[in-house]
Amino acid sequence: MSENYRQNDFHSRLQDRGIAKIKLLLEAKGDTENFSFNHIEKNPFHSIDNENLIIYDKKKTLLYRDTAALLPTPEIINSVTPDKPHICSLTNGECIGFIYPYKDDSYIIFSSGYDQHGNNYIANLKQILLFRGLILLLIIFISGWLYAGRFLRPISKIVQQAGKITYSNMNQRLSNGNTNDEIGQLISTFNKMLSRLETSFNAQKRFVSNASHELRNPLTAINGQIDVALMKDRQKEEYKTVLQLISKDIKNLRTLTNNLLELANNDETLLQHFEEVRIDEILWHIRDEMAKQKSEYTLHINFEKLMDSEKYLICKGDAKLLETAFMNIIDNACKFSENKSVEIKITSDKTNIILFFIDKGIGMPETYLKHVFEPFYRGSNTHGIHGNGIGLSLVQRIIKLHSGKIFIRSKLNEGTTVELVLPNLSRF
């Protein structure tokens, strides 16, 4: 910017000097041999060193030339127009060529020189800017280092505190001095995440502990029954009774193991086996299987408010998983009811299949409803009834995997209603 200003100013001065000189020359009536410009007033603050002048008439005939001036080429002379002067740099300065009209004639003037004052000013300005720039960079560096250290100190503190949190002290939280700024919000969010992780970790520990306990119980019972049977020779009927008890424990163990494996399965792996499934066919198949395996159970299946099209009873899913979920609900309903029966109502709307599993059993207290989906959690009124508390956890995961919802309503000693909502084929 400053260099451009200097050049424009210097070219303007060269042009003014050239115009002043040609006026004097023309007033001298062509006496160029004895003509001198020494009497032109010069400003010592804006003097032009190595000043030279060349003048041509409109026919491009040389009228005047200073001794040290280098003649321009014909191409340069022809390039000068009234609207576009010729500007160039020389070895010892700068030159401007322009057309000057005077009276009824016009002249081509090439005025050159060296701007000693302007160049000294620009050189001095560069030194000042370089020096001040270095000082400014140093100030910025020091200020940045100080402020960055101040701003990063809370983050370093967070890193140190977070590095001390392990599985053995997950109840520890980061200290939060100011909850209003971004660092405070970050600490608050991190502490909330730690709380969720702690809850999940404790739930996992309880799950492992309960699973180990539930797996150990049938194994201990089987081992005890075998040891007792081997203590002495027994009758055929006694051995048969022992084998029946062992078979029952093995079936319970297999059911528990299968449920645990289902809970441990990867959702992405299960989603790969999804296909179109008819809900009513699954229920009819369950009723037939229950009649074979548990003849004491009674299932009443009722259809209400069904749409005309079959797609309202079809969903995308895994038939085996849905059968597992339904059987767990039915088994719980019958197991906790004196009449060993459950009523299954099936209805649908334009987007969902809705199933109600209704029993008249012992029900659940409200305190239990808050924990109903936690693995291995059992109510205080279930003592003496066989179960491991994993069924509803598995049901919830299966229904969630099918993009469905599960709701449980229960009253103590009045019964329980489990509602399942599954998206039907009309959504796809």
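Visitor: What makes the residue Ser-403, after helix 10, worth pointing out?
Guide: Its phi is positive, near 60°. This is a predicted model, and the angle of Ser-403 is computed from it.

Visitor: What makes helix 10 a mostly covered helix?
Guide: Helix 10 runs over residues 391-401, and nine of its eleven residues are buried. Buried means under 20% relative accessible area. The residues of helix 10 that pass this test include Gly-391, Leu-392, Arg-397 and Leu-401. With nine of eleven buried, helix 10 is mostly covered.

Visitor: How do you know that helix 8 and helix 10 meet, and which residues do it?
Guide: Contact means heavy atoms within 4.5 Å. On the side of helix 8, the residues that meet helix 10 include Leu-321, Leu-322, Ala-325 and Ile-329. On the side of helix 10, they include Leu-392, Leu-394, Val-395 and Ile-398.

Visitor: What describes the packing of helix 8 and helix 10?
Guide: Two packed helices are described by the angle between their axes and the distance between the axes. The axes of helix 8 and helix 10 come within 9 Å and cross at roughly 145°. The crossing is left-handed.

Visitor: Why is Ile-282 called buried?
Guide: Ile-282 has a relative accessible area of 7%. The limit for buried is under 20%, so Ile-282 counts as buried. Ile-282 sits in helix 7, residues 279-293.

Visitor: Which residues touch Ile-282, leaving out those up to four places away in sequence?
Guide: They are Val-277, Ala-319, Leu-322, Glu-323 and Phe-326. Leu-322 is 40 residues from Ile-282 along the chain, yet their C-alpha atoms are separated by 7.9 Å.

Visitor: What makes a group of residues a nonpolar core here, and how many residues has the largest one?
Guide: Its members must be buried residues of certain nonpolar kinds, joined through side-chain atoms within 4.5 Å. The largest such set has 39 residues. Phe-326, Leu-355 and Phe-357 have the most contacts inside this core. Elements that each supply at least two residues include helix 7, helix 8, helix 10 and strand 12. Helix 8 gives the largest share, eight residues.

Visitor: Which residues are in contact with Phe-357, leaving aside its neighbours within four places in sequence?
Guide: Among them are Phe-326, Ile-329, Ile-330, Val-342, Val-418 and Leu-420. Another core, of 15 residues, lies apart from the largest one, and includes Ile-19, Ile-22, Tyr-64 and Tyr-107.

Visitor: How do you know whether Lys-21 is buried or exposed?
Guide: Its relative accessible area is 6%. This is under 20%, so Lys-21 is buried. Lys-21 lies in helix 1.

Visitor: What makes the pair Lys-21 and Glu-51 a polar contact?
Guide: The limit is 3.5 Å between N or O atoms. The side chains of Lys-21 and Glu-51 are joined at 2.8 Å, so the pair falls within the limit.

Visitor: Where does helix 1 lie with respect to the strands?
Guide: Helix 1, residues 2-27, lies across strands 1, 2, 3, 4 and 5, and runs at about 50° to strand 4. These five strands form an open sheet in the order 2-1-5-4-3, with antiparallel pairing.

Visitor: Why are strand 2 and strand 3 called edge strands?
Guide: Strand 2 (62-65) and strand 3 (86-90) each have a single partner strand, so one side of each is left without a neighbour in the sheet. Neighbouring strands of this sheet are turned by 20° against each other on average, direction ignored.

Visitor: How do you know that strand 4 and strand 5 pair?
Guide: Pairing needs at least two bridges. Strand 4 (residues 93-102) and strand 5 (residues 105-114) have nine bridges, in the antiparallel sense, so they count as paired. For Ile-99, the bridge partner in strand 5 is Ile-108.

Visitor: Why is Lys-60 called partly exposed and Asn-413 exposed?
Guide: Exposed means over 50%, buried under 20%, and partly exposed in between. Lys-60 has 39%, so it is partly exposed. Asn-413 has 61%, so it is exposed. Lys-60 is in the loop between strand 1 and strand 2, and Asn-413 in the loop between strand 11 and strand 12. Neither is a glycine, yet phi is positive: about 65° for Lys-60 and near 65° for Asn-413.

Note on methods: Residues numbered from 1 in each chain as written. Predicted model: local features only at pLDDT ≥ 70, side-chain atom pairs only at ≥ 80, totals over all residues. Heavy atoms only, no water. Helix = DSSP H or I, 4+ residues; strand = E, 2+ residues; numbered from the N terminus. Axes fitted to C-alpha atoms, helices over the stretch in contact; angles between N-to-C directions. Buried < 20%, exposed > 50% of the residue type's maximum accessible area, 1.4 Å probe, protein only. Polar contact = N/O pair within 3.5 Å; in protein donor to acceptor, adjacent residues only side chain to side chain. Left-handed = near helix turned anticlockwise from the far one by under 90°.
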